[in-house]
Amino acid sequence: MRTAVVWATLLLLITVSHVNAFNTSAVSKNYDNDRVIRVIDVSSSVVKEEIGIRANYLGSEPTQVYHFVLPAALYHDVASMEAFLKHKSKDALTMAFAGFDQEQQLYVYKIHLQEPLEHNNQVKLGVKLTYTHHIRPLPARIPQVSKQHVTFSSNIFMLSPYHTSDIKTTFTFPTTNIVTFKGGEPHHQGQQTQNSIVYGPFSDISPLSASACNFHYEYKSPIITITDLKRHVQVSHWGGKLSVEENYAIRHDGAGLDKEFSRLQYQMASHVLDQTNTLTQLVFELPASAQDAYFRDEVGNVSTSHFRREKTRSVLEIDPRFPLFGGWGTTFYFGYDAALKDFVRFVKGKYMLKLDFVNNIKDMTVDQAELMVVLPEGASHIQVMPPSEFDMDKVEQAKHYTYFDSTGRPAVIFRKKNVISEHERPIFISYEYKTINFLQKPAAASIGFFLVSLLSIFISKVPWKIGHEQEEIAIIKLHQHEPTVVIKNPTTTATHTSAIKRSVTPASRESSPFPVFVDENAVAANTRARKPHVEPVLVEDTLLKKPSLAAGKKKKSNKKAGK
């Protein structure tokens, strides 16, 4: 434990050393927060906070900057943060990092206003925050069929470098069953109204004031974290479709089981599972033109899925191979094809692809998300336009190779950590794709098949036998009154001899998968009975007389020796 704390402290010091130092006390007299209203929604595992600020400018010189701070304990869990004018139009305002106050452990941001503020002028601002991993189960382990309770901690006041004249904070919960809520005693106590707890209004709050509060309440839904999400999107102009595949690694961060899992108890309590934190089904909304949907995991195809098409959308309902309880995890992936015309438009000589960074996140948290968009082979002059509402951690271009690719397909990869449903924003990618590029793939495939055919022809013509075949002439004289027959037969090598032996074996015996006992005598007799047909060749008499004359002389010499 101590080692983890030491490493966390070192990491914080390294981070602080690389950011600009900022002193919040130097700007504390620039504004007075005349009215602050905070609404914190904890009805899901992703906490959403909206702040309304009405501030009076007290400076002597015009300014266009309002400072907003975040505590270091909350900074790394903030998934999204945006500022806007508190008007009907809600015009977005730019937020930029200003520095880090090491003494107060605060991250300071600048909100740039649209118009300069004069002395005693008033501005109405709005700030939206979303942060993750702040709801924790208590108790950490519960029976298999039991209700889950969680805790959440926050600050009654808005942490601000400026003085606040009036503030009111409201916490909204998913249920009226709030076990306990503590904080603000004795002067800043809260009051419960159905599923909400209200603190305030309170007045005359000093800069950087904090008062902790804690809530313990019932939470029926599972707390799902997607530890890794990888989306692979492939554009095909030949097929006129967009192929999408999404890979999920899911972990349940809710209360775990206090005993071993019981399948019998699970089946008996199936009618009350919606009152527990058990995850039994996930629902994904797909485009209306989606088709050929599939759902698989590491084992293989999962048949517990339902796909239906509606007028404005398609729905894929999937049941994991096993239910998920607290502390359990699983991995799976699904995919589908959609009509390309719903995502790509041809504008001013270029194709424009519009695609969301993530989909179907809802009340889940994604620790690491990756989107790979694979464009058709031959696409050029690629321009990427990420969402303007948030920054990507990394955007890079690479090459992706698949079937019959010659030069590779250009791919754009987007990566971001701590992703929520607010990041379901469109990404635009423009590229050029000429008509001649349509022929690149069939041309490459045709050339490949042609080269393979040439190679096979060349290999078939190459002699692979070792040595040269020699012919021997066998002269057979059947009877005295019949002509002599000459049989030409190549001298067989070891390999050729074995081939002849194999040729004698019946085809059925070679193709049989079972051992066969061969009678060699019968095979030899069968071979003699079925000698191959040979063409007889008549030999001139002069070739036959030479051996006979030599034999006659030998006989004469033997007779003389005998005498």
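**Notebook: serine 80 and its surroundings**

I began at serine 80, and listed what this residue touches once its neighbours within four places in sequence are set aside: Lys128, Leu129, Thr130, Ile420, Glu422 and His423. I note at the outset that the model is predicted, and that every entry below is to be read with this in mind.

**Entry: where serine 80 sits.** I looked up the element and found that serine 80 belongs to strand β4, which covers residues 78-85. Is serine 80 buried or exposed? Its relative accessibility is 18%, and since the cut-off for buried is under 20%, serine 80 counts as buried.

**Entry: the strands around β4.** I then followed the pairing of β4, which runs antiparallel to β7 and is joined to β7 by seven bridges. In one of the registers I checked, valine 78 has tyrosine 131 of β7 as its bridge partner. On the other pairing that I looked up for β7, strand β2 (residues 47-57) is also antiparallel to β7, with 10 bridges between them, and here glutamate 49 faces leucine 129 of β7. Leucine 129 had already turned up among the contacts of serine 80. I also checked burial along β7 (residues 122-131), where seven of the 10 residues are buried, so that this strand is largely enclosed by the rest of the structure. As background I keep in mind that side chains in a regular strand alternate between the two faces of the sheet.

**Entry: the largest pocket.** Which residues lie nearest the centre of the largest pocket? I found Ser80, Met81, Glu82, Glu389 and Phe390 there, out of 36 lining residues, and the volume of this pocket comes to about 1,200 Å³. By element, β2, β4, β5 (92-101), β7 and β29 (409-419) each contribute at least two residues to the lining, and β4 contributes the most, with seven.

**Entry: the largest cavity.** How many cavities of 30 Å³ or more does the structure hold? I found one, and the space in the largest cavity is about 40 Å³. Its lining consists of Phe295, Asp297, Val302, Pro320, Arg321, Phe322, Thr330, Thr331 and Phe332. The elements that supply two or more of these residues are β20 (291-297) and β23, with β23 giving the most, at three residues.

**Entry: nonpolar cores.** I turned next to the largest nonpolar core, which has 50 residues, and in which Tyr31, Tyr66, Phe68, Phe152, Phe215 and Tyr217 touch the most other members. I took tyrosine 66 as an example and, leaving out residues up to four places away in sequence, found contacts with Tyr31, Asn33, Ile53, Ala55, Tyr109, Lys110, Ile111, Leu125, Met158, Ser160 and Tyr162. Apart from the largest core lies another, of 49 residues, including Ile224, Leu353, Val358 and Met364. As a general remark, nonpolar side chains in soluble globular proteins tend to be buried together.

**Entry: aromatic pairs.** I counted 31 aromatic pairs in the model. One of these joins phenylalanine 171 and phenylalanine 215, which are tilted, with 4.6 Å from centre to centre and 50° between the planes. The partners come from distant parts of the chain, 44 residues apart, with phenylalanine 171 in β11 (residues 163-172) and phenylalanine 215 in β15 (residues 212-218). Both are buried, phenylalanine 171 with a relative accessible area of 0% and phenylalanine 215 also at 0%.

I then looked at a second tilted pair, phenylalanine 261 with phenylalanine 325, at 5.5 Å centre to centre and 50° between the planes. Phenylalanine 261 is in the loop between β18 (256-257) and α3 (263-268), and phenylalanine 325 in the loop between β22 (314-318) and β23 (329-339), so this pair ties together parts 64 residues apart in sequence. In burial, phenylalanine 261 is partly exposed at 28%, whereas phenylalanine 325 is buried at 1%. I also traced a cluster in which ring pairs link Phe152, Phe171, Phe173, Tyr199, Phe215 and Tyr217; Phe152, Phe215 and Tyr217 had come up among the residues that touch the most other members of the largest core.

**Entry: the whole chain.** Last, I looked up the totals: the chain has eight helices and 33 strands, and 37% of its 563 residues count as buried. Of the contacts with a separation of 6 or more, 74% are between residues 24 or more positions apart.

Definitions and conventions: Residues are numbered from 1 along each chain as its sequence is written. This is a predicted model: local features need pLDDT of at least 70, side-chain atom pairs count only at pLDDT 80 or more; totals for chains, interfaces and linings use all residues. Side-chain values use heavy atoms; hydrogens and water are left out. Rings of Phe, Tyr and Trp (its six-membered ring) pair if their centres lie within 6.5 Å; planes under 30 degrees apart count as stacked, over 60 as edge-to-face and the rest as tilted. Helices (H or I, at least four residues) and strands (E, at least two) are DSSP runs, numbered from the N terminus. Buried means under 20% relative accessible area, exposed over 50%, partly exposed in between (1.4 Å probe, protein chains only). Two strands pair if DSSP finds at least two bridges between them. Contact means heavy atoms within 4.5 Å. A nonpolar core is a set of buried Ala, Val, Leu, Ile, Met, Phe, Trp, Tyr and Cys residues joined through side-chain atoms within 4.5 Å. On a 1 Å grid over the protein atoms alone, a cavity is a set of points where a 1.4 Å probe fits but cannot get out, and a pocket is an open set with protein on both sides within 12 Å along at least five of seven lines; lining residues have an atom within 4 Å of a point. Grid points are joined across faces, edges and corners, and a volume is the space filled by probe spheres set on the points.
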